[in-house]
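Biologist: I have the sequence and the model open, and I would like to go through them by question and answer. Please start with the terms.

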Amino acid sequence: MKHYRDIISSIEDKGLNRELRAIESLADGYCRFNGNKLVNFSSNDYLGILDNEQINHSFWKELQNRSDWKIMGAGSSRLLTGNTSLYDETEALLAKLYEAQSAIFFNSGYHANVGILSALTEKKDLILSDKLCHASIIDGIRLSSADHIRYRHLDYAQIETLLEQKRHLYRSVFIVTESVFSMDGDEANLQKLVSIKEKYDVYLYVDEAHAVGVKGEKGLGSCEEQNVINRIDILVGTMGKALASVGAYAVFSQLFRKVLVNKARTLLFTTALPSINMAWSKHVIEQIPTLHTQRKKLNDLSLLMSKSFTELGYDAHHSHIIPLIVGSNEAAVQLSLHLQQKGFLVFPIRPPTVPVNTSRLRFSLTSSIKEEYIHQLVQVIKESKAKA
Ligand SMILES: Cc1ncc(COP(=O)(O)O)c(C=O)c1O
């Protein structure tokens with residue numbers, strides 16, 4: 001046991017202790033935490049679907065017309081009896097929306113990235129991933145026997161240099177990126193990545209976790225917005241953020257789908273999702289193309305917040321994810337506690353989630369947030385900056 005006590009002491013000494021907290025989501029961009037009602041600046045429910053009465057109401061109404069959602073567990077993996085027709089319907093819907101040959105649904109974004117990357121790549125292959133890619137991508141790459149190089153964040157010249165030097169040494173090469181980066185809110189230049197992928201004959205893998213729902217006319221993500229949706233080899237979207245559900249999907253060729261159904265361990269060796277979840281996911285996916293008002297509101301709030309942060313002297317880009325980088329772990333913890341006392345829920349993000357010395361507060365906006373809350377938040381940050 002001493003070993004484990006030492007682990008915890010060392011985490012605490014570095015100011016990196018983490019805890020699970022009970023938080024209740026409330027309407028209108030609020031939540032309840034420690035008995036207090038706070039404005040929620042930490043949710044990834046970007047379009048406010050969790051408390052969207054119309055979508056929730058139409059869901060329950062629709063369910064009255066079918067009976068196959070009532071069993072609250074799946075009973076087995078998708079390869080055995082867990083593959084309900086709701087899976088087939090949802091995948092067909094996704095393939096149609098993305099105009100792709102096929103789609104496949106996983107239990108979460110974590111399952112998707114780990115399962116796909118480890119199944120599609122082997123020895124003789126090379127993976128080039130952005131240095132700031134999410135832990136689930138890193139873990140998928142760790143489980144792969146391919147060689148791996150992390151390129152500097154958004155540094156596409158470095159990718160080209162690496163491909164000039166190494167492309168001929170490998171059978172397949174995969175460039176892996178997020179579209180909107182989860183902890184920084186900045187965005188990949190997908191036009192540029194597509195042109196590189198085509199020039200060097202490599203695959204492009206794009207994780208759209210923080211862009212689906214939010215970006216693009218139909219809310220399909222940055223690939224839609226940047227007009228490259230049909231030129232991405234593997235496009236991953238997650239259901240747990242703007243889509244207010246659980247699970248994740250990938251859209252791609254029939255051939256990749258076949259390989260995953262045979263080889264993706266996070267698909268084969270896990271129980272399928274309950275039908276009620278799949279029914280909700282399908283319902284939300286159907287609504288996404290129509291949610292223009294929410295997307296516009298989120299975009300307006302993002303502009304306001306990034307402009308206000310820039311005026312305060314922070315380096316903020318126009319995004320629904322805005323980091324306020326303070327550097328040390330301790331400073332991030334203190335500022336988050338201060339803001340919580342003032343009525344705003346925001347948490348410190350520390351290593352290993354972000355690189356050492358870049359601890360931050362990560363503000364995520366949702367369309368439920370009112371403009372006045374942003375003005376109030378900015379005022380509080382301004383005052384605490386003046387006192388520091
Ligand atoms: C970029 C990215 N990919 C994947 C995931 C994992 O998705 P999920 O929460 O569905 O497991 C996350 C979520 O934290 C993420 O930010």
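Modeller: A crossing is left-handed if the near helix is turned anticlockwise from the far one by less than a right angle, and right-handed if clockwise. Helices (H or I, at least four residues) and strands (E, at least two) are DSSP runs, numbered from the N terminus. The model is predicted, so local features need pLDDT of at least 70 and side-chain atom pairs pLDDT 80 or more, while totals for chains, interfaces and linings use all residues. Residue numbers start from 1 along each chain as its sequence is written.

Biologist: Does α12 pass α14 in a left-handed or a right-handed crossing?

Modeller: α12 packs on helix α14 (residues 371-387) at an angle of about 15 degrees, with the axes 10 Å apart. That makes the two roughly parallel (angles under 35 degrees count as such, over 145 as roughly antiparallel, 65 to 115 as roughly perpendicular and the rest as oblique). Axes are lines fitted to C-alpha atoms, for helices over the stretch in contact, and angles run from 0 to 180 degrees between N-to-C directions. The crossing of α12 with α14 is right-handed.

Biologist: How do the residues of that contact divide by class?

Modeller: On the α12 side are Leu 301, Leu 304, Met 305 and Ser 308, and they meet Glu 371, Ile 374 and Val 378 of α14 (contact means C-beta atoms, placed from the backbone, within 7 Å). Ala, Val, Leu, Ile, Met, Phe, Trp, Tyr, Cys and Pro count as nonpolar, Asp, Glu, Lys and Arg as charged, and the others, Gly among them, as polar. The contact of α12 with α14 thus has 5 nonpolar, 1 polar and 1 charged.

Biologist: How far apart are the C-alpha centres of domain 1 and domain 2?

Modeller: Domain 1 covers 16-44 + 291-387, and domain 2 covers 74-289 (bounds from an automatic or database domain assignment). Their C-alpha centres are separated by 27 Å.

Biologist: Which element supplies the largest share of the side of domain 1 that touches domain 2?

Modeller: Contacts link 14 residues of domain 1 with 11 residues of domain 2. On the domain 1 side, α12 (292-311) and β11 (321-327) each supply at least two residues. The largest share, 3 residues, comes from β11.

Biologist: Are α3 and α11 roughly parallel or roughly antiparallel?

Modeller: Helix α3 (residues 85-98) packs on helix α11 (residues 275-287) with the axes 9 Å apart and at an angle of about 20 degrees. The two helices are therefore roughly parallel.

Biologist: What is the make-up by class of the contact of α3 with α11?

Modeller: α3 passes α11 in a left-handed crossing. The α3 side includes Leu 86, Leu 93 and Leu 94, and the α11 side includes Met 278, Lys 282 and Ile 285. By class there are 7 nonpolar, 3 polar and 3 charged residues.

Biologist: How many polar residues are in the contact of α6 with α7?

Modeller: α6 and helix α7 (residues 190-200) have axes 11 Å apart, at an angle of about 5 degrees. They are therefore roughly parallel to each other. Tyr 156, Ile 159, Glu 160 and Leu 163 of α6 contact Lys 192, Leu 193, Ile 196 and Tyr 200 of α7. Besides 6 nonpolar and 2 charged residues, the number of polar ones is none.

Biologist: Which helix gives the most to the shell around the ligand?

Modeller: The ligand is surrounded by 13 residues, the closest being Ser 108, Gly 109, Tyr 110, Ser 182 and Ala 209 (near means a C-beta atom, placed from the backbone, within 6 Å). The shell comprises 3 nonpolar, 8 polar and 2 charged residues. Residues 109-120 form the helix that gives the most, 3 residues, and that helix is α4.

Biologist: In which loop does Pro 352 lie?

Modeller: Pro 351 and Pro 352 are joined by a cis peptide bond, with omega about 5 degrees. Pro 352 belongs to the loop between β13 (348-349) and β14 (359-364).

Terms used: Two residues are in contact if their C-beta atoms, placed from the backbone, lie within 7 Å.
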